[in-house]
Amino acid sequence: MKYWCEHAWLDDGPRTGVLVETDGTAITAVTTAETPPPGATRLPGLVLPGLANAHSHAFHRALRGRATGGGTFWTWREQMYAVAGALDPDTYRRLATAVYTEMALAGITCVGEFHYLHHPPGGGRYDDPNEMSAALAQAAHDAGIRLTLLDTCYLTSGFDTPVEGVQQRFSDGDARAWADRADRFTVDCARVRLGAAVHSVRAVPAEQIADVAAWAHRYGTPLHVHLSEQRKENEACLAAHGRTPARLLADAGALGANTTAVHATHLTDDDLRLLGGSGTGTCLCPTTEADLGDGIGPALQLDAAGSPLSLGSDGHSTIDVLAEAHAVEAGQRLNTERRGHFGAERLLEMATTTGHRALGWLDAGRIAPGHRADLVAVALDGPRLAAVPLEAVPAVARADDVRHVIANGRGIVRDGEHEHVPDPGRRLRRLVDELL
């Protein structure tokens with residue numbers, strides 16, 4: 001396949017008249033061409049590399065718009081548990097398919113699913129202990145995007161507090177049983193990869209965090225962890241262990257270049273040194289953090305410390321990685337009362353290259369030979385982007401500017417409509433009605 005891009009964002013920025021040739025999955029050549037050559041598919045507007053959503057909880061999408069009243073993260077969590085308790089493999093697959101389709105429409109070509117809804121209600125086991133994981137893999141396949149399934153270890157309700165109620169669906173009992181189950185998940189698609197996650201330092205006993213980290217290190221997979229999302233979590237960790245969550249993870253050998261800390265909102269100076277010095281990445285989810293009133297993360301300090309920054313839509317208050325990028329910069333401006341911390345090029349890097357790297361896809365996030373054929377065409381003729389300089393588009397564009405998406409060499413969005421999953425909005429409405 002050949003794609004002629006009216007404009008394309010290459011390693012050195014936007015260029016006009018770019019021909020991208022592929023072998024069906026990967027990019028084989030990138031050259032200039034003033035006009036579309038015969039047989040090439042024309043992609044108008046500005047073509048960006050595929051976007052990576054590095055942190056997703058697919059079932060949280062059912063709660064969009066339901067956390068607008070008063071309360072805190074902890075009251076919202078009770079609503080989330082109600083949805084978690086209602087899902088089975090069929091409804092989970094159907095919901096995730098609609099959610100991943102919404103992601104595709106937003107230009108997302110790869111998602112990291114932080115997955116802990118493993119077992120039936122009451123804490124039993126499905127005949128296939130990874131049936132819920134398989135539902136997510138099928139959903140990503142149907143929506144046409146790649147998936148890194150971050151199989152999540154979740155063992156306790158809090159520090160030294162056993163799981164109860166719906167949380168029993170999350171727990172394997174101990175880290176060894178978690179690893180045994182994760183080992184049995186068969187990845188039978190080249191667009192699905194398996195990673196690991198520690199839900200949080202409050203949900204995995206300190207002595208077992210090292211077991212999860214060792215599993216990830218053994219297989220060379222990504223390891224993700226919710227870190228210091230809430231001040232209450234930090235206070236509880238200090239009371240239980242006399243250490244911050246970041247220090248606890250460091251002592252367990254869970255930090256490093258293959259690890260991504262999600263949120264990292266409330267950090268000490270020592271925490272910043274631990275993350276940056278170990279090369280641990282940070283996934284920022286500013287729209288969810290704002291929706292839940294969590295606070296503004298120290299993106300500037302993390303960047304200066306050496307922690308690679310990626311982006312996630314987390315609870316899906318919106319599914320728009322470009323909006324997440326804008327929110328990172330906006331948050332730092334509000335904190336510092338100064339402008340211009342992360343330019344458009346850096347924000348796009350968070351949304352593409354760094355995000356894919358955090359999910360274990362080192363060959364994605366660039367329009368360059370040898371990389372995945374992920375192309376996202378953003379329309380420039382609408383009122384939002386009219387007269388916006390090409391080099392500023394990544395900092396201004398939003399999901400509804402996306403018109404065409406090619407993921408892994410396969411066309412999945414054309415003229416703003418998904419080519420394979422019709423009417424995802426109707427699907428979502430029906431499913432949420434069922435669940436709530």
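Let's start with helix 4 and helix 5, and who touches whom. On the helix 4 side, the contact residues are Ala175, Trp178, Ala179, Ala182 and Asp183. On the helix 5 side, they meet Gln208, Asp211, Val212, Trp215 and Tyr219. Sort the residues of this contact by class, and you get seven nonpolar, one polar and two charged. Keep in mind that this is a predicted model.

Now the geometry of that pair. Two packed helices are described by the angle between their axes and the distance between the axes. Helix 4 covers residues 175-183, and helix 5 covers residues 206-219. Their axes come within 9 Å. The crossing angle is roughly 25 degrees. Angles under 35 degrees count as roughly parallel, so helix 4 and helix 5 are roughly parallel to each other. The crossing of helix 4 past helix 5 is right-handed.

Next pair: helix 2 and helix 3. Helix 2 is residues 89-105, helix 3 is residues 131-143. Here the axes come within 8 Å and cross at roughly 35 degrees. Helix 2 also makes a right-handed crossing as it passes helix 3. From helix 2, the contact takes in Pro89, Tyr92, Arg93, Ala96, Thr97, Tyr100, Thr101 and Ala104. From helix 3, it takes in Glu131, Met132, Ala135, Leu136, Gln138, Ala139, Ala140, Asp142 and Ala143. By class, the helix 2 and helix 3 contact holds 11 nonpolar, three polar and three charged residues.

On to the cysteines. How many disulfides does the count come to? Zero. A disulfide is a covalent bond between the sulfur atoms of two cysteines. The cut-off used here is a pair of cysteine sulfur atoms within 2.5 Å. Look at cysteine 283. Its nearest cysteine sulfur belongs to cysteine 285, 4.0 Å away, and cysteine 283 is in no disulfide. Turn it around: cysteine 285 has the sulfur of cysteine 283 as its nearest, at 4.0 Å, and is in no disulfide either. Are these two buried or exposed? Buried means under 20% relative accessible area. Cysteine 283 is at 0% relative accessibility, so it counts as buried. Cysteine 285 has a relative accessible area of 0%, so it is buried too.

Now three single residues. Take leucine 255. Where is it? In the loop between helix 7 (245-251) and strand 12 (259-263). Leucine 255 counts as buried because its relative accessibility is 15%. Setting aside residues up to four places away in sequence, leucine 255 touches Ala246, Leu249, Ala250, Leu274, Leu275, Ser278 and Thr280. The C-alpha atoms of leucine 255 and glycine 279 are 7.9 Å apart, with their positions 24 residues apart along the chain.

Second, valine 225. This one is in strand 11, residues 223-227. At 3% relative accessibility, valine 225 counts as buried. Beyond its neighbours within four places in sequence, valine 225 contacts Phe114, Val198, His199, Ser200, Leu249, Thr260, Ala261 and Val262. Leu249 is also among the contacts of leucine 255. From valine 225 to phenylalanine 159, the C-alpha distance is 16 Å, and they are 66 residues apart in sequence.

Last, glycine 370. Find it in the loop between helix 13 (353-358) and strand 15 (375-378). Which residues does glycine 370 contact, leaving aside neighbours within four places in sequence? Ile27 and Asp363. Glycine 370 and alanine 216 are 154 residues apart along the chain, and their C-alpha atoms are separated by 26 Å.

Technical notes: Residues are numbered from 1 along each chain as its sequence is written. This is a predicted model: local features need pLDDT of at least 70, side-chain atom pairs count only at pLDDT 80 or more; totals for chains, interfaces and linings use all residues. Side-chain values use heavy atoms; hydrogens and water are left out. Axes are lines fitted to C-alpha atoms, for helices over the stretch in contact, and angles run from 0 to 180 degrees between N-to-C directions. Helices (H or I, at least four residues) and strands (E, at least two) are DSSP runs, numbered from the N terminus. Angles under 35 degrees count as roughly parallel, over 145 as roughly antiparallel, 65 to 115 as roughly perpendicular and the rest as oblique. A crossing is left-handed if the near helix is turned anticlockwise from the far one by less than a right angle, and right-handed if clockwise. Contact means heavy atoms within 4.5 Å. Ala, Val, Leu, Ile, Met, Phe, Trp, Tyr, Cys and Pro count as nonpolar, Asp, Glu, Lys and Arg as charged, and the others, Gly among them, as polar. Buried means under 20% relative accessible area, exposed over 50%, partly exposed in between (1.4 Å probe, protein chains only).
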